[in-house]
Amino acid sequence: MIELKLLILVIIANGMPLLGTALFGQLFAHPLDHGLKLSDGKRLFGNHVTVRGVVLAIAITTLTAQLTGVPAADGAIIACAAMAGDALSSLIKRRMDIQPGGMAVGLDQIPESFLPLLAMAGSYNLSLPIILALCTVFLLFDLLVSRLLYHFRLRSRPY
């Protein structure tokens with residue numbers, strides 16, 4: 001079932017930045033925005049959106065795509081779109097004065113699942129109801145896994 005494969009790739013893409021932090025700490029964790037502040041004096045994305053996270057997401061999602069029978073290019077597109085969604089949510093959260101790592105249910109999950117699935121809609125004939133259903137599954141999965149990772153001390157917050 002291609003929808004399940006795409007959802008797994010979205011989950012992997014979004015999990016790689018967290019895995020990178022768990023494995024490497026601050027090593028190679030250069031902020032994607034290079035510290036850029038907008039006219040409101042707030043960071044573009046903040047320190048949580050890193051070059052390392054983006055590189056890991058693209059590399060591992062591309063490899064995983066090949067292993068699941070999805071074209072590597074589609075895996076790379078999924079990862080790029082997921083990271084664009086993550087950056088977008090960080091941009092919005094900075095404007096809303098939500099601190100980096102702060103919780104914003106929906107805003108933390110929807111852009112990073114909706115954008116990659118939308119990017120794959122034409123290639124895999126995904127309807128909007130299917131995309132929205134997959135985004136809902138991703139949101140619930142993310143909330144559950146975040147609590148588990150916090151419980152096992154792999155996250156500093158339960159979200």
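A salt bridge is taken here as a side-chain nitrogen of Lys or Arg within 4 Å of a carboxyl oxygen of Asp or Glu. By that criterion the structure, a predicted model, holds four salt bridges. Three of them are described below, followed by helix α3, a nonpolar surface patch and the largest pocket.

**Salt bridges**

The table lists the N to O distance for each pair.

| Pair | N to O distance |
|---|---|
| R95 and D40 | 2.7 Å |
| K42 and D97 | 2.8 Å |
| K93 and D108 | 2.7 Å |

The side chains of R95 and D40 meet in a salt bridge. R95 lies in helix α3 (residues 72–95) and D40 in the loop between α1 (2–24) and α2 (51–68), so this pair ties together parts of the chain that are 55 residues apart in sequence. R95 is partly exposed, its relative accessible area being 28%. D40 is also partly exposed, with a relative accessible area of 37%.

K42 and D97 form a salt bridge through their side chains. This pair, too, links distant parts of the chain: K42 is in the loop between α1 and α2, D97 is in the loop between α3 and α4 (110–124), and the two are 55 residues apart. K42 has a relative accessibility of 24% and counts as partly exposed. D97, at 52%, is exposed, because the cut-off for that class is over 50% relative accessible area. The backbone of D97 has a further feature: just after α3, the residue takes a positive phi of about 65 degrees.

In the pair K93 and D108, the closest N and O atoms are 2.7 Å apart. K93 sits in helix α3 and D108 in the loop between α3 and α4, 15 residues away along the chain. Are these two residues buried or exposed? Both K93 and D108 are buried, so each has under 20% relative accessible area.

**Helix α3**

Helix α3 contains R95 and K93. The helix has 24 residues and reaches 35 Å from its first C-alpha to its last. That span is close to the 34 Å expected at 1.5 Å a residue.

**L19 and the nonpolar patch**

L19 is located in helix α1. The residue is partly exposed, at 40% relative accessibility. The C-alpha atom of L19 is separated by 9.7 Å from that of A57, and the two residues are 38 apart along the chain.

Which residues join L19 in a nonpolar surface patch? L23, F24, L27 and F28 make the patch together with L19, and its area is about 530 Å². An α-helix has 3.6 residues a turn, so residues three or four places apart point the same way. L19 can belong to the patch because its 40% relative accessibility meets the requirement of over 30% relative accessible area.

**Largest pocket**

The largest pocket holds about 1,200 Å³ of space. Its lining is made up of 47 residues, and those closest to the centre of the pocket are N14, P17, L18, H48 and R155.

Which helices each supply at least two residues of this lining? They are α1, α2, α3 and α5 (128–151). The largest share of the lining comes from α1, with 10 residues. Helix α1 therefore both carries L19, one of the residues considered above, and supplies that largest share of the pocket lining.

Note on methods
Residues numbered from 1 in each chain as written. Predicted model: local features only at pLDDT ≥ 70, side-chain atom pairs only at ≥ 80, totals over all residues. Heavy atoms only, no water. Helix = DSSP H or I, 4+ residues; strand = E, 2+ residues; numbered from the N terminus. Buried < 20%, exposed > 50% of the residue type's maximum accessible area, 1.4 Å probe, protein only. Expected span 1.5 Å × (residues − 1). Patch = residues over 30% accessible without salt bridge, like charges linked within 9 Å, V, L, I, M, F, W, Y side chains within 5 Å. Areas by Shrake-Rupley, 256 points an atom, 1.4 Å probe, with all protein chains shown as cover. 1 Å grid on protein atoms, 1.4 Å probe; cavity = no way out; pocket = protein on both sides within 12 Å on 5 of 7 lines; lining within 4 Å. Points joined across faces, edges and corners; volume = space filled by probe spheres on them.
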